[in-house]
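Biologist: Could you take a close look at the side-chain contacts in this model for me? I'd like the charged pairs, the rings and the greasy bit of surface in one connected story.

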Amino acid sequence: MQPWLRVSLLLCVFGFFRELRVSEPFVTEFLSGEWRDIEPEQLNRDVYPIGTYSQVALLVFMFLLTDVLRYKSIIVFSACLGIVIWSLLLWTESLAALQVVQVLYGAYMASEVAYYTYIYAKISREKYQQVTGNTRAAILLGRFLSGVISQVLVSTGAMNVRDLNYITLGTQAVSLLWSFLLPPVKTSVYFYARDENTKPTDGMVACDPVPTPQQKEQEQKQQDQLELHGDNRLDASQKVSPDHTTPNNEPNESVENGTATAKTIDAQPKARFSASRAVRLLWKHLISAYRQLPVVQWSLWWALAMAGFIQVQVYVQLLWHEIDQQQGTLFNGGAEALLTLLGAMSALAAGYIANRIFEQWALWILTVCSGLQGGLIFYSGFATNIWVAYVLYILFGTLYLFMVTMASAIVAKYLEEDSFGLIFGINMFVAVGVQALLTLATISERGLMLDPRDQFKVYGGYFLVLSIIYLIAAIAASVARVWQLRREARAATVNAGVERSVATAERCEPATVSG
């Protein structure tokens with residue numbers, strides 16, 4: 001098995017077990033049930049907001065720490081947090097302990113950035129698309145099965161909503177054990193980048209080779225060859241005879257196409273920590289990304305829409321609880337499973353739609369989609385039937401997942417190599433920051449202190465305002481485009497008139513001469 005594929009599979013298995021949290025679709029029912037007996041009003045005011053504030057406070061720190069510690073340590077740490085969180089949920093009962101859980105849960109979600117950026121440091125650029133698809137599929141599969149399993153267990157009476165936490169605790173323990181199998185990363189995108197930005201270009205996994213004197217003559221040739229291809233990264237290795245050895249008489253072996261072959265590894269500088277280099281590279285990536293209008297347009301929508309989507313996901317169970325207070329119909333797990341399945345299908349469909357169509361009509365498409373999302377969520381605030389509320393949530397989430405897939409694909413096309421993780425982190429930080437502001441405005445004692453129904457009316461209004469903003473931008477861009485076309489048409493008319501005048505003068509000139 002090729003090294004990049006092996007790393008991809010290891011990461012996918014970790015992501016699958018991390019997302020297999022079967023207790024989450026029924027967490028509100030568990031916390032407000034007989035086991036903790038916390039009122040939904042307390043969950044709304046004193047519990048759930050803490051997780052949001054914790055995540056926004058830790059996200060930037062976690063992003064930088066992930067790069068400094070080179071990913072694996074944070075991945076292992078997040079798995080440990082999962083075990084602590086669900087242990088506290090099972091074996092504590094006080095409100096204070098639950099608030100501590102929310103602080104830890106914020107750190108748990110913030111550390112998710114390590115999972116998403118690990119692949120960009122460990123895998124070569126040529127395999128980004130494949131590995132990104134694999135890891136995303138693993139996450140969606142974990143979420144889908146979480147919904148299905150929890151719904152089946154609750155509907156059949158095999159488990160109550162508290163016992164679901166034992167399964168989640170077990171999957172977090174498995175993810176911890178599995179995280180130790182992930183290979184360590186010798187380099188990182190920013191703080192431990194090699195001076196020549198050396199990363200393999202054939203799908204190999206990055207490593208720290210030992211330079212040999214025999215490779216001195218070959219190094220310059222390879223540098224010249226790579227420069228012709230526009231890539232300043234060194235190849236991971238170069239084939240030699242099987243009996244070639246290093247000065248220590250130890251063959252350097254790697255796996256390519258599933259077959260072990262001995263290779264000579266070119267001299268590469270050892271990755272060393274450099275904060276100044278990291279700052280320069282961060283600034284370079286920021287300037288390069290945000291000076292391009294499509295990146296700004298789609299990233300802004302991405303961040304703002306993500307904020308609304310996360311806020312809806314966090315508080316939708318409280319809305320369902322209020323709509324169906326007798327809890328005669330509990331289909332939370334099924335709703336989450338259907339959302340994940342339809343979201344995966346819509347994301348897959350997005351991959352077959354020409355990006356140029358979305359880029360050409362970007363502002364209008366974002367206007368319409370934001371308006372539809374706002375209408376769905378706004379109507380949820382008036383729903384009196386739990387099944388209608390489920391359908392509205394599923395439609396809203398499916399539309400969001402489709403659009404965010406298109407947004408990420410379009411943004412990635414304009415970014416420099418290795419900067420996608422940074423832009424993803426910035427969008428996530430903006431989203432969580434806006435989510436925190438929404439929480440303060442709608443839920444906290446300093447804000448409006450709205451009940452779940454009124455909250456969802458506000459969230460619907462939030463998306464409608466977002467739609468209006470993009471509508472204004474779309475109209476302005478269309479007017480500017482029309483004026484530009486008119487100017488070009490007038491200029492073309494003037495040029496055509498000048499050309500006709502010149503042609504007429506040239507035809508008349510011989511006649512004048514002959515007269």
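Modeller: Here is a walk through the salt bridges, then the rings, then the nonpolar patch. Keep in mind that this is a predicted model.

Let's start with the charges. The count comes to 8 salt bridges, and R18 is a handy place to begin. R18 forms a salt bridge with E19, the closest N and O atoms being 3.7 Å apart. Both of these residues, E19 and R18, are buried. R18 also forms a salt bridge with E112, again with the closest N and O atoms 3.7 Å apart. E112 sits in helix α6 (residues 112–122) and R18 in helix α1 (residues 3–19), so this bridge ties together parts that are 94 residues apart in sequence. E112 is buried, as is R18.

Another bridge joins R453 and E322, and the closest N and O atoms are 3.7 Å apart here too. R453 belongs to helix α17 and E322 to helix α11, so the pair links parts that are 131 residues apart in sequence. E322 has 23% relative accessibility, so it counts as partly exposed. Back around R18, salt bridges that share partners join R18, E19, R21, E24, E112 and R143 into one network.

Now the rings. The model has 25 aromatic pairs. In one of them, the ring centres of W91 and Y166 are 6.2 Å apart and the planes are at 70°, so the pair is edge-to-face. W91 comes from helix α4 (residues 72–91) and Y166 from helix α8 (residues 164–179), so the contact ties together parts that are 75 residues apart in sequence. W91 counts as exposed because its relative accessibility is 53%. Y166, at 36%, counts as partly exposed.

W320 and Y390 also make an edge-to-face pair, at 4.7 Å centre to centre with 70° between the planes. W320 lies in helix α11 (residues 293–323) and Y390 in helix α15 (residues 386–414), so here the parts tied together are 70 residues apart in sequence. W320 has a relative accessibility of 3%, so it counts as buried. Y390 counts as buried as well, at 2%. Helix α11 therefore turns up twice in this tour, with W320 pairing to helix α15 and E322 bridging to helix α17.

Elsewhere, ring pairs link F14, Y115, Y116, W302 and F424 into a cluster.

Charges and rings also meet directly. K457 lies over the face of F382, at 4.2 Å from the ring centre. R486 does likewise with W483, at 5.7 Å from the ring centre.

W483 brings us to the greasy surface you asked about. W483 is part of a nonpolar surface patch of about 640 Å², made together with I357, W361, W364, L471, I475 and V479. Helix α17 (residues 452–514) gives the largest share of that patch, with 4 residues. I357 sits in helix α13 (residues 355–360). With a relative accessible area of 40%, I357 is partly exposed.

So helix α17 is a good place to rest your eye: R453 in this helix bridges to E322 in helix α11, and the helix also provides the largest share of the nonpolar patch.

Note on methods: Residues are numbered from 1 along each chain as its sequence is written. This is a predicted model: local features need pLDDT of at least 70, side-chain atom pairs count only at pLDDT 80 or more; totals for chains, interfaces and linings use all residues. Side-chain values use heavy atoms; hydrogens and water are left out. Patches are made of residues with over 30% relative accessible area and no salt bridge: like charges are joined within 9 Å, nonpolar side chains (Val, Leu, Ile, Met, Phe, Trp, Tyr) within 5 Å. Accessible areas come from the Shrake-Rupley method with a 1.4 Å probe; for residues, only the protein chains shown count as cover. A salt bridge is a side-chain nitrogen of Lys or Arg within 4 Å of a carboxyl oxygen of Asp or Glu. Helices (H or I, at least four residues) and strands (E, at least two) are DSSP runs, numbered from the N terminus. Buried means under 20% relative accessible area, exposed over 50%, partly exposed in between (1.4 Å probe, protein chains only). Rings of Phe, Tyr and Trp (its six-membered ring) pair if their centres lie within 6.5 Å; planes under 30 degrees apart count as stacked, over 60 as edge-to-face and the rest as tilted. A charge sits over a ring if NZ of Lys or CZ of Arg is within 6 Å of the ring centre and within 35 degrees of the ring normal.
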